[in-house]
Amino acid sequence: MIMNPTAIKHVVVDGHSLTLESFVAIARYNATVELAPSALEAMKKSRALAEKIAAEGRVAYGITTGFGEFQKVAVPKEMSNQLSTNLILSHCTAAGEPYADEIVRGMMLLRANALCGGVSGVRPILVEMLLEMLNKGVTPVVPQKGSLGSSGDLAPLAHMTLPMLGKGEAMYEGVKMPGAEAMAKAGIKTLDTLVSKEGLGMTNGTCAMTSVGALALYDTICAAQLGDVIASMSFEGLTGLRNAFDPRIHQVRGQKGQMLVAANMRKLLDGSEILDNCQKDRVQDAYALRCIPQLHGACRDALDYVREKVEIELNAVTDNPLMFLDDEAVISGGNFHGEPMALPFAASEIADASERRTERMVNPALSNGLTAFLTTQAGVNSGFMIVQYAAASMVSENKIYAHPASVDSIPSSANQEDIVSMGTTAARKAKMILQNTQDVLADELMTACQAIDIRRRLNTHGQGMTPLHEALYQHVREKVAFYEIDREIWPDIRAVEAMIRSGELLDIVKEYIPDFE
């Protein structure tokens, strides 16, 4: 079923109920948020325990000791607040271009949701402030680079916290300004200091990598759905054989994603005059057409796995140490370690398959009768020759990005943190793969529309497309005219890329096939 986070307008944050759709609704589409009363009570009890431990001077990491290798250094009670504040000031070391606002909003939401679990020992005011910032549109400026993805996303989360202390920078009403100014304009009172345990509470966590990854996951699921749709248009342009999608083939293998995609292809290709007239043209098609269910289906299964892991992480408590009320235990663990997120974030097979179909459409040796490079005047015009070059370049680049970041580790904090996840880098690379994949799909969609026009001009198999394909074709042709002779092609490419990213094409699909998945 096509997801629709835009339909979610308000979310109650309680520490355990976020879904991928509600996360995207808040981070990207500005759904409003409120704190669940149950979470408020849990945080109050947890904070009372933290204050009791500090008052008694018990040895507790990050409350009465320093951090990392400085765990061996006792911190006097009167310095515990300074300890928490200094953690933010010393850890805001990230570099590079800032994250998009939606990613930072996702980080804020995830940090608030984790603290709602009531085992982090922070004051409820921190969560209340984060939710107020989300509702009023104050978004900290957070540079992208600088997290090892272990001990939490320390540097990015420190930057996220700075405006709460009246420091750093933030976006407000589309303008970047000092954090204190943004908070003042939004009417949000800043904090003079954090108190004991709160420095760790704000910075220990997988919020940056999970925010980047969750948004990339949502967009990749949409890209996978579009991959089926665009593949079906290419299939029609290439006069493919429908028997490859016979349900009996896929049932005897039993792979869930494969069966889903095969069902999608049957729905997408139903009612095509062109296909009705070509089913005896050959015995079988090349893999790029015949194996769409196997190729795309494997991606769907992988995305189901990633979604399961991401939705667990959306509701995970990932700071350290954690505090448990039943026996007043303060336990140092490793929930901040990003390995569960470092492993899933890579998917480029959708782009691989898409580029192969584009190649078949422009190559006269492979296109089942289409003109060379989909031209009408070959030689003087290059047609879609270099569209395939561009797609191939991005597919090749994806292979570099798909190298798992998690296989590398550089020890930190005097070797106390001796194996780290690099999960934030993995999430950022997943986003790069997604962007390339969306662009490769745009190249294929534009090429498929040209191929269909050429096929109709040749009139070898009739004129009729499926109703959905006709609607999608007309939608593209409103912005991108038939490529009769060579012209500046980049504006056409950008227009179709925008369609891919906007979600408008899936809206059209939903009109024609409401149960499309």
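Reader: Before turning to Lys-197, what counts as a polar contact?

Author: A polar contact is a pair of N or O atoms within 3.5 Å, and within protein one of the two must be able to donate a hydrogen and the other to accept it. In this structure, which is a predicted model, the backbone oxygen of Ser-120 lies 2.8 Å from a polar atom of the side chain of Lys-197. Lys-197 itself lies in the loop between α7 (179-185) and α8.

Reader: Is Lys-197 buried or exposed, and how is that decided?

Author: The general idea is a cut-off, since buried means under 20% relative accessible area. Lys-197 has 0% relative accessibility, and therefore counts as buried.

Reader: How should I read the chain as a whole, and how many helices and strands does the chain have?

Author: The chain has 21 helices and nine strands, and buried residues make up 57% of its 517 residues. For contacts, one can ask how far apart the partners lie in sequence: of the contacts with a separation of 6 or more, 79% are between residues 24 or more positions apart.

Reader: Turning to strands, in which sense do β1 and β2 pair?

Author: Strand β1 (residues 10-13) pairs with β2 in the parallel sense, over four bridges, and within this pairing Val-13 stands opposite Leu-35 in β2. Strand β2 (residues 32-35) also shows an alternation of side chains: Val-33 and Leu-35 point to one face and are buried, whereas Thr-32 and Glu-34 point to the other and are not.

Reader: Which pairing sense is found for β6 and β7, and over how many bridges?

Author: Strand β6 (residues 169-172) and strand β7 (residues 175-178) pair in the antiparallel sense, over four bridges. Ala-170 stands opposite Met-177 in β7. The two strands form a hairpin with two residues between them, and in this hairpin Glu-173 takes a positive phi near 55°.

Reader: How do I read an enclosed space, and how many cavities of 30 Å³ or more are counted?

Author: A cavity is a set of points where a 1.4 Å probe fits but cannot get out. The count here comes to one cavity of 30 Å³ or more, and about 50 Å³ of space lies in the largest cavity. The elements that give two or more residues to its lining are α4 (101-115), α9 (207-237) and α14 (292-314), with α4 giving the most, at three residues. By class, the lining divides into five nonpolar, three polar and two charged residues.

Reader: Which residues line the largest cavity?

Author: The lining of the largest cavity consists of Leu-110, Arg-111, Ala-114, Thr-206, Cys-207, Thr-210, Glu-313, Leu-314, Ala-316 and Thr-318. Thr-206 is a useful one to follow, and is found in the loop between α8 (198-203) and α9. Its relative accessibility is 2%, so Thr-206 counts as buried. The side chain of Thr-206 makes a polar contact of 2.8 Å with the side chain of Glu-313. The C-alpha atoms of Thr-206 and Thr-318 are separated by 6.5 Å, although these residues are 112 residues apart along the chain.

Reader: How does an open space compare, and what is the volume of the second largest pocket?

Author: A pocket, unlike a cavity, is an open set of points. The second largest pocket has a volume of about 430 Å³. It is lined by 23 residues, of which Tyr-29, Tyr-218, Arg-501, Ser-502 and Gly-503 lie nearest its centre. The elements that give two or more residues to this lining are α9, α18 (423-458), α20 (490-502) and α21 (504-512), and α9 gives the most, with five residues. The lining of this pocket has 11 nonpolar, six polar and six charged residues.

Reader: Since α9 has come up in both linings, what does Ser-234 in this helix touch?

Author: Leaving aside residues up to four places away in sequence, Ser-234 touches Arg-357, Met-361, Glu-444 and Ala-448. With Glu-444 there is also a polar contact of 2.6 Å between the side chains. Ser-234 lies in helix α9 and, at 0% relative accessibility, counts as buried.

Reader: Where does Ala-216 lie, and which residues does Ala-216 touch?

Author: Ala-216 lies in helix α9, and its relative accessibility is 5%, so Ala-216 counts as buried. Not counting residues up to four places away in sequence, Ala-216 touches Lys-431 and Leu-434. Ala-216 and Ala-427 are 211 residues apart in sequence, yet 8.0 Å apart in space from C-alpha to C-alpha.

Notes: Residues numbered from 1 in each chain as written. Predicted model: local features only at pLDDT ≥ 70, side-chain atom pairs only at ≥ 80, totals over all residues. Heavy atoms only, no water. 1 Å grid on protein atoms, 1.4 Å probe; cavity = no way out; pocket = protein on both sides within 12 Å on 5 of 7 lines; lining within 4 Å. Points joined across faces, edges and corners; volume = space filled by probe spheres on them. Nonpolar A, V, L, I, M, F, W, Y, C, P; charged D, E, K, R; others polar. Pairing = 2+ DSSP bridges. Buried < 20%, exposed > 50% of the residue type's maximum accessible area, 1.4 Å probe, protein only. Contact = heavy atoms within 4.5 Å.
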